[in-house]
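Good morning, colleagues. Please take a moment to look at the structure on the screen, and I shall then speak about its interior.

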Amino acid sequence: MTSQLSDIVSSLAHPENVTPSQWSQWIELGTWHRLLVSCYILESQQALSLAREPPASLIQELGLDLPFPAHTFVWDAYTINDWASAAQRCSASPQYVFEVHQESLTTPCDSFQSSLLLAAYYNRFNSSGPYVSAPCVEEIDHLLDASFATRQKLLTAKLLQVTPMRSLLAVSGESWILSEKVPSQQAFAALKTTLRTWVAQLWSNSSPKSPSVPVKEAIKLAIEILQLALKEQIEIHAVEMGVDMGIYFAAVVLWATITAFTTRTEETQQNAQTMPHSHHQQSISIRSHPGSASVPSTPTHLQYPYDNHIAVTSSPILSTITGLVHSQPGSPMRHDSLAATTLLSHEQIMFDCVSFLPVISGLASADRFANHNVQDLGKLQAGCISVLLWVKLQLRGASLEDQIGLAAWAITPSRGLGELLDSVVGSLERILNRGWTGWGI
């Protein structure tokens with residue numbers, strides 16, 4: 001099929017002799033090509049974006065052996081002359097994925113071609129471990145298109161190389177991996193052990209000559225993902241598949257970091273007997289209360305550590321919310337006393353996020369986690385909460401400018417985002433409602 005497409009393109013040396021039958025035949029063969037590639041990309045997304053168990057590919061060819069699709073310039077041509085001209089212009093393009101390199105590209109890759117390269121080089125088919133000790137993928141960054149969506153998907157693919165994402169989602173989801181229930185207590189215990197082992201690397205001192213530490217690489221990549229998303233401020237519904245999950249994965253990586261650091265700090269303080277148990281950091285924990293009404297989590301009664309002059313919006317919070325999809329648990333309940341609180345404005349959430357990300361980056365890069373050298377744990381916790389709130393705000397599709405819309409985001413029932421995003425938002429609500437202790441990491 002690839003050779004037939006090549007023969008058709010070779011016959012277009014004289015555009016004036018192009019016939020409708022040639023164009024029709026190229027469209028049919030090109031459609032089969034793109035269908036095959038699309039199936040491979042979607043198949044790879046099961047492990048990359050949906051955190052499913054790495055499957056064996058149903059497509060016989062390896063990703064590098066797949067045909068490389070024609071550029072969008074050719075595929076989107078509206079007339080036969082435009083098609084013939086574009087096909088001639090791209091006639092020297094690679095025919096297979098393994099042939100793609102800087103010298104072989106006559107035209108920069110488009111987003112579809114870039115998605116195939118990401119799927120071929122970063123797929124998790126037959127992967128035996130939850131993550132690799134260090135990124136081992138051939139560098140393809142310079143081959144990809146420069147769009148926001150592709151840059152985010154590249155960073156997300158790299159993040160998943162160094163993060164045991166199934167373990168992280170299982171723990172943060174309280175034995176749920178998105179809408180998938182962990183099958184047994186033994187399996188959940190194994191996932192929790194994997195996560196503890198991974199996050200414990202935060203307390204290993206590294207040197208310039210030592211290999212990269214997966215958890216520290218993950219923090220770096222998570223920060224890049226969130227900073228890029230904060231800069232672009234793209235509405236989630238307007239971006240390609242994978243970008244929404246990328247910012248969620250990045251947020252839970254930082255949440256796991258702060259949660260583990262909270263646990264380690266409190267244990268250290270207990271052992272040193274410098275802080276009685278009754279004075280432990282509880283100011284931002286939101287506790288469940290049996291019999292209370294269930295509402296979306298918005299812990300905005302906190303003290304805002306980075307800035308106190310940006311106005312906030314006050315709005316009563318209703319005391320009811322619909323549950324998630326039927327296969328998943330609802331969010332933990334909050335105490336009725338939180339039914340009317342002060343909502344952070346979008347500007348405040350943004351400011352806190354922008355202020356928090358460089359701080360956490362500095363802690364990881366300078367090995368300050370290993371030294372417990374943090375003066376104000378509460379500021380880190382509050383900054384992380386702002387990140388989680390911002391991600392929830394993005395995924396719920398609330399207006400980024402209308403403060404009335406922002407308030408409605410917190411008080412209205414779910415609008416049916418679909419099983420995937422409903423499960424993501426529900427997981428964020430459970431994290432925010434539960435607080436920082438008792439996670440076992």
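Let us begin with Trp-255 in this predicted model. Which residues does Trp-255 touch, leaving aside those up to four places away in sequence? Its contacts are Leu-168, Ser-172, Cys-384, Leu-388, Ile-431, Trp-436, Trp-439 and Ile-441.

Separate from the largest nonpolar core, to which I shall turn in a moment, there is another core of 23 residues. Tyr-40, Leu-66, Leu-105 and Ala-157 are among the members of that other core.

The largest nonpolar core itself comprises 78 residues, and within it Trp-255 and Trp-390 touch the most other members. Several helices supply at least two residues each to this core: helix 6 (148–161), helix 7 (165–172), helix 8 (185–199), helix 9 (214–232), helix 10 (243–272), helix 11 (346–365), helix 12 (377–396) and helix 14 (419–434). Which of the helices gives the most to this core? That is helix 10, with 15 residues.

I now come to the empty spaces. There are five cavities of 30 Å³ or more. The largest cavity has a volume of about 50 Å³. Here we meet Trp-255 again, for the lining of the largest cavity consists of Trp-255, Ile-385, Leu-388, Ile-431, Leu-432, Gly-435 and Trp-436. Helix 12 and helix 14 are the elements that give two or more residues to this lining.

How do the lining residues divide into nonpolar, polar and charged? Six are nonpolar, one is polar and none is charged.

To close, I would draw your attention once more to Trp-255, a member of the largest nonpolar core and a lining residue of the largest cavity. Thank you.

Conventions
Residues are numbered from 1 along each chain as its sequence is written. This is a predicted model: local features need pLDDT of at least 70, side-chain atom pairs count only at pLDDT 80 or more; totals for chains, interfaces and linings use all residues. Side-chain values use heavy atoms; hydrogens and water are left out. A nonpolar core is a set of buried Ala, Val, Leu, Ile, Met, Phe, Trp, Tyr and Cys residues joined through side-chain atoms within 4.5 Å. Buried means under 20% relative accessible area, exposed over 50%, partly exposed in between (1.4 Å probe, protein chains only). Helices (H or I, at least four residues) and strands (E, at least two) are DSSP runs, numbered from the N terminus. Contact means heavy atoms within 4.5 Å. On a 1 Å grid over the protein atoms alone, a cavity is a set of points where a 1.4 Å probe fits but cannot get out, and a pocket is an open set with protein on both sides within 12 Å along at least five of seven lines; lining residues have an atom within 4 Å of a point. Grid points are joined across faces, edges and corners, and a volume is the space filled by probe spheres set on the points. Ala, Val, Leu, Ile, Met, Phe, Trp, Tyr, Cys and Pro count as nonpolar, Asp, Glu, Lys and Arg as charged, and the others, Gly among them, as polar.
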